[in-house]
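Please walk me through this structure, from the chain as a whole to its sheets, its helices and a few details of its backbone.

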Amino acid sequence: MVLDTVADDLRVLRKAEVRLAEAHELARWDELIGANPDGGSVWRGREYSEHERVLGFTPVYLMVDDIACTVLERRIPLLGRLWHLPAGPGVLDVTTLMRVSDALAEFAAEQGVFTVRIEPLIRDDAAERERLLAAGYRRVPGWAPSNTIVVDITGSEDDVLARFGQRARRWIRKAARVGVVVERVEATDENCRVLYDLLTATADGRFPIRAFEHVRSMYQRLQASGNGQLFLARLDGRVVAGAYAMLVGENALYLTGASVRKEPGRSEENGLGAHGVGHAVQWELMRWAREHGAVRYDMCGTPPSAEADDPAHPLHGVGQFKLSFNKTIIDYIGAYDVPARRIRANLLYGYERILIAAAGHPLFRRFLT
């Protein structure tokens, strides 16, 4: 026991070794991601990362000691290359995070990269946040949500349902009684368009949606690999909702979903009344994830736990819906820049703060404090 403790202490003190992943590691990359200390994340999966090439990102696959790190590289005009680790690196404590991130920043500088952006799935802690800031890390907007609900989908279907709130179970039963049917459908061009149109109507300018061609190709690529599934819900033969789920290893995620609107131009109100369609869709997504070996289902975005009951929060309605499946919101420590070349990193950081201040959106205010 003492020898194990000493070995762990020496490991923390020793500089982490960074190298490019080898071919045999790339061949089982999702398996390595799932073996990371945090259990992995769909945002680090091989298929999803490769698809991001269509948006100008270049995937870089690194091993930091025995931790698999997926990096998305992009070029920032006039500044150079930035490395972004979506929902990573896959560690569980800040001490290990700093050791890994500092090694990544040093390696990145050798490759001509000016900053490394991290967003680990470490539980939030004010003291640990201050520790990162004191070390020169800077808080920035991330790729994955910093607040979410993760549903335990282990055991039998009855076990999973029993862990839901009473409201969720009631709406799932109601949806079945009134004839809501949630189907797993092929990601054909037509079905992708149906979901995309629902998403566009739901967004109604309140949040950005990528171009249809990008969304369609992502849906189709992930589904062809077995890592994604498109769902459409019908009531009386009419499509009333759609959703998309993705998974890597034991982790599944609700990527996106939408339903018909009550009135054109009223994106904040769906038109499903008391049919329970939203709950029925989520339950079918979880059933699909379970059948594919997932044990965790990430509902992908809520208000922070301290603001869950604030009606003024932009995600209040979304949060209340997701809380019916699990009453615990997970707050992560957030995303940070780790400068590799400080002058260039400072220029990007200052520019982003100007953009955030100009946008004035309440979801981004925390990055200005």
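## A guided reading of the fold

One residue makes a useful entry point: Asp236 is exposed, with a relative accessible area of 75%. This residue sits in the loop that leads from strand 10 (228–235) to strand 11 (238–248), and its phi is near 55°, a positive value in a residue other than glycine. The model is a predicted one, and this should be kept in mind throughout.

Seen as a whole, the protein chain holds 13 helices and 15 strands. Of its 369 residues, 50% are buried, while the accessible surface comes to about 17300 Å², with 53% of that area belonging to carbon and sulfur atoms. Among the contacts in the chain with a separation of 6 or more, 71% are made by residues 24 or more positions apart.

One of the sheets is an open one of seven strands, which follow one another in the order 1-2-3-4-5-15-6 with mixed pairing. Strand 1 and strand 6 (138–140) stand at its edges, and each has a single partner strand, so one side of each is left without a neighbour in the sheet. On average, neighbouring strands here are turned by 35° against each other, direction ignored.

Within this sheet, strand 2 (residues 58–64) is a good element to follow, being mostly covered, with six of its seven residues buried. Towards strand 1 (residues 18–20), strand 2 pairs in the antiparallel sense over three bridges, and one of the partnerships is that of Leu20 with Leu62 of strand 2. Strand 2 also pairs with strand 3 in the antiparallel sense, here over seven bridges, with Thr58 having Glu73 in strand 3 as its bridge partner. Strand 2 and strand 3 form a hairpin with two residues between them, and Asp65 in the turn has a positive phi of about 55°.

Further along the order, strand 5 (residues 113–118) and strand 15 (residues 335–339) are paired in the antiparallel sense over four bridges, and in strand 15 the bridge partner of Thr115 is Pro339. Helix 5 packs on this sheet, where it touches strand 1, strand 2, strand 3, strand 4, strand 5 and strand 15, and its direction makes about 155° with that of strand 5.

Two loops that involve strand 4 deserve a closer look. In the loop between strand 3 (67–76) and strand 4 lies Leu78, whose phi is near 75°, a positive value in a residue other than glycine. With a relative accessibility of 89%, Leu78 counts as exposed. The loop between strand 4 (80–85) and helix 5 (94–110) contains Pro89, which is joined to Gly88 by a cis peptide bond with an omega of about 5°.

There is also an open sheet of six strands, with the order 8-13-12-11-10-9 and mixed pairing. Its edge strands are strand 8 (150–152) and strand 9 (181–185), each of which pairs on one side only. Neighbouring strands of this sheet are turned by 25° against each other on average, direction ignored. At one edge, strand 9 pairs with strand 10 in the antiparallel sense over five bridges, and Val182 stands opposite Ala233 in strand 10.

Helix 11 lies across strand 8, strand 9, strand 10, strand 11, strand 12 (251–259) and strand 13 (296–298), and it runs at about 30° to strand 11.

Which helix packs with helix 11 at an angle of about 95°? The partner is helix 8 (residues 166–178), which meets helix 11 (residues 277–291) with the two axes 8 Å apart. An angle of that kind makes helix 8 roughly perpendicular to helix 11. From helix 8 the contact draws on Arg167, Ala168, Trp171, Ile172 and Ala175, and from helix 11 on His279, Ala280 and Trp283. Sorted by character, the residues of this contact between helix 8 and helix 11 divide into six nonpolar, one polar and one charged.

Note on methods. Residues are numbered from 1 along each chain as its sequence is written. This is a predicted model: local features need pLDDT of at least 70, side-chain atom pairs count only at pLDDT 80 or more; totals for chains, interfaces and linings use all residues. Side-chain values use heavy atoms; hydrogens and water are left out. Buried means under 20% relative accessible area, exposed over 50%, partly exposed in between (1.4 Å probe, protein chains only). Two strands pair if DSSP finds at least two bridges between them. Axes are lines fitted to C-alpha atoms, for helices over the stretch in contact, and angles run from 0 to 180 degrees between N-to-C directions. Contact means heavy atoms within 4.5 Å. Accessible areas come from the Shrake-Rupley method with a 1.4 Å probe; for residues, only the protein chains shown count as cover. Angles under 35 degrees count as roughly parallel, over 145 as roughly antiparallel, 65 to 115 as roughly perpendicular and the rest as oblique. Ala, Val, Leu, Ile, Met, Phe, Trp, Tyr, Cys and Pro count as nonpolar, Asp, Glu, Lys and Arg as charged, and the others, Gly among them, as polar.
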